[in-house]
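User: Could you walk me through some of the strands in this model? I'm new to this, so keep it simple.

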Amino acid sequence: MKAVVMAGGFGSRIQPLTNSRPKPMLPIVNRPMMEHTMMTLKDIGITEFIVLLYFKPDIIKDYFKDGSEFGIKISYVLPDDDYGTAGAVKLAQELIGDENFIIISGDLVTDFDFKKILDFHESKESQLSIVLTSVENPLQFGVVIANEENVIEKFLEKPSWGEVFSDTINTGIYIIEPEILNYIPENKNFDFAKDLFPLLMQSNIPLMGYNLEGYWRDVGNPESYRDVYDDILTGRVNFKIPGKSEVYPDGTLYSDTPYQFDKSIDIIGNVVIGKNVIIKKNVKLNNVVIGDNVTIDSDSKISNSVLWNDVVIGHNTKLNNCVICNDNTIGKNVSAKVGLILAEGCEIGELSRFEQDVTIWPEKSIESASIVSHNLVWGSRYKNSIFQDGTVTGKSNIELSCEMATKLAEAFAAQLPIGSKVAVGRDYDKNSRMLKRAFLGGLLSGGVDVLDLKNTARAVLRYTISHDDTIVGGAHFKQAMEDPTSSQITLFNHEGLRIGTNISKDIEKAFFTEKFRRVDYSLVGEIHETLHHKECQSYKVAFEDSIRSSLSKCDTFSVAVDMMHSSTADILPGILNDLGIENIVLNTYHDEKKLFNIDGLKKNSKSNISSIVKSLGCNMGVIIYPNEQYIRLVTDEGEVLDKIRGLLAVLHLINMTDEGKTKKVLLPTWAPDIVEFENLEIERGKYADYDAKKLKEYELIATVDGNYTFTEFGATRDAMYASIKIMELVTCNGVKLSDVSKCIEKFDYRMIKVECTQALKGKMMRKFLESAKGKKSSSIDGVKIWENNTDWILMIPDQYTDHINLYIQAKDKASGEVIYNSYKDKIAQWSQE
């Protein structure tokens, strides 16, 4: 028998514990929750597992790998869309084969005797058996009634109390014969309880229910996560606590590593300790689970709590019924009443006090002697910064709530003259619509008028701002590309460029101090609504005028373009047709489900467009990412160029255009420079705070992530114009993109994020500079050190997270590996000094 583990949920209800990991990977007694379930099944002889992924799949795959370290075999299935519970299992049909299998969720804790349900299924010759159990509150589950022969007669999903007809619920654990999979349609959203079970009952296939006695808990929210620990540590669940046990007068200590603690330390109840744990004198631990690399200073008292990894607890700190996530530092004399949840990367000042049931979201800093009585969802990061390159990113309707959007708008309006006008737009996402409407209210209250473009491509918004002298700024709202549960608000200045560092700081200062301008009722701003047809037409005419003359001189051209469900689909197909470019366009409609699985969407987009370009003989292909800024190029042979080869291909095309004429190009310091271009004058450096006049001195401004700005049309990023400009460069130079790609010499280029606390970043900069002595180096942006004429390493501390970013260029992979290993060891050594 094989086991299918459902491990694809977003874990929205249990945030912020799932801020950086999927719910099945939440630690239960220092092991991922999913691991406990799988090892329980292993104990009854099941050693082949199929894991269904979706949200943050790499975290699960990196931990379990192929399963050999755990004595099992694991295969993974990553759906390209949300196919529902049964639809996802259908994707694993080939891996399941022709034997029966058990389905179980990766985010539950149970001590069920699974051997009993296997025996029941066999004895009843059942085709589908469902594990049932009785619970006190069945409202969040599917209520079930089975007759005396164990045949299920009635289901009701998530009833109200008025609808409850039983306390027996469906646990989501099933044993299924392989022929049942034939009732599940392929590539369709199909749910077990809502779709499959009613279909089987209509087909007179009996569904068997077996009520298992024992402990079962769906870990769906932070409260249930704490309750699981309480149940384990107080013995209400038959749970094998890992590690060797050592008996103390008032309790038992469990650990894989032997410890010799001071006699003044009290161990009460059950205490579990991970690796590299330091506990100082007079500490009292009462029913506590402690992860790896944790330090607890003297005289602290911790009870009924769980501490994840890399936590520092100061002297005389008192914690009760708390969840302390990774990478937290808690100062001395801190106290927390029942219910504190401290998400990752926080720093708590000494003498701080937390009232009951407070949740602190990631990367917050609590000043010393603070009294925290409310949840801190959005707050200060390093240097009280909420902007990153003019953009605010946060969890939709949690960090980026309507209240947050309104306050941000009020802070923005306070920097603008009364009676001025701001242009605002958004993408398709419903969260973007919600936040935009809240934002408009804040602008109006500050006496600022609004031109509301509603759903519009960002390029159109920025063009409108830069070409209308009455508009002093703008804002755009969109779903975050890499995290579909988050939203982004980007603010622009009067030139359509992202706001710079100075204005960002002014807005942040007003935001945190709440120094807003509330104007008299007679001066409240007005909304000027538009369906953006006029603005789109102005953009479209200017776009076509800019490129038509040069493109008309070139040969007939055909292209395949994947819009990836972005707002560019509303305008780019029309431009392609007007310019006489033969085109195949894909994904021109909004699809919320596909955008929620961005990794699957990217994978499918690359595969599909590659096949289309090759089979239809297109001159090239383009993928426009949902953020409407990044593009990926596809050669006429179907090769999807990575970001580095894409950049170098574009530079080659510009270099061969008007040969002998020097063109200026602006690239970031981390862009590769191993390839030389005789007709390009390439400048590498910062350009975040350049104005439009300065930017237009360059013919091309590019990054290494597929972002190209051709300033002949404007100084703002525009994936649509960049795509057609590159088509023009290909056809007017009379070359094939595949030939350009083949002439790019191979070399090693890599970017690595290395963990580094904020406190150590300055030290790392100093150490890098010291290690650069006697070598060619630069400190324009970070510290760049050349090992020879071609090979270099660049270190830039991340402004917003506990990381430093390393960029490495080398003539080949082996040389790059030597450089990386050398500096990785140095960083580790410097961190310990």
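Analyst: Sure! Two strands pair if DSSP finds at least two bridges between them. Keep in mind that this is a predicted model.

User: In what order do the four strands of the open sheet stand?

Analyst: The pairing in this sheet is mixed. Strand 43 (680-684) and strand 45 (708-710) each have a single partner strand, so they stand at the edges. That fits the order 43-42-44-45.

User: Which residue in strand 45 is the bridge partner of Ala702?

Analyst: Strand 44 covers residues 700-702 and pairs with strand 45 in the antiparallel sense, over three bridges. In strand 45, the partner of Ala702 is Tyr708.

User: At about what angle does helix 16 run to strand 45?

Analyst: Helix 16 (residues 643-656) lies across strand 42, strand 43, strand 44 and strand 45. Its angle to strand 45 is about 20°.

User: Moving on to strand 48, are Val783 and Lys784 buried or exposed?

Analyst: In a regular strand the side chains alternate between the two faces of the sheet. In strand 48 (residues 783-786), Val783 and Ile785 are on one side, with Lys784 and Trp786 on the other. Both faces are covered, and Val783 and Lys784 are both buried.

User: Which residue in strand 49 stands opposite Ile785?

Analyst: Strand 48 and strand 49 (residues 792-797) run antiparallel, joined by four bridges. They form a hairpin with five residues between them. Across from Ile785, in strand 49, stands Ile793.

User: And which residue takes a positive phi in the hairpin of strand 47 and strand 48?

Analyst: Strand 47 (residues 777-778) and strand 48 run antiparallel, with two bridges. Four residues lie between these strands, and the one with a positive phi, near 75°, is Gly782.

Methods:
Residues numbered from 1 in each chain as written. Predicted model: local features only at pLDDT ≥ 70, side-chain atom pairs only at ≥ 80, totals over all residues. Heavy atoms only, no water. Contact = heavy atoms within 4.5 Å. Axes fitted to C-alpha atoms, helices over the stretch in contact; angles between N-to-C directions. Buried < 20%, exposed > 50% of the residue type's maximum accessible area, 1.4 Å probe, protein only.
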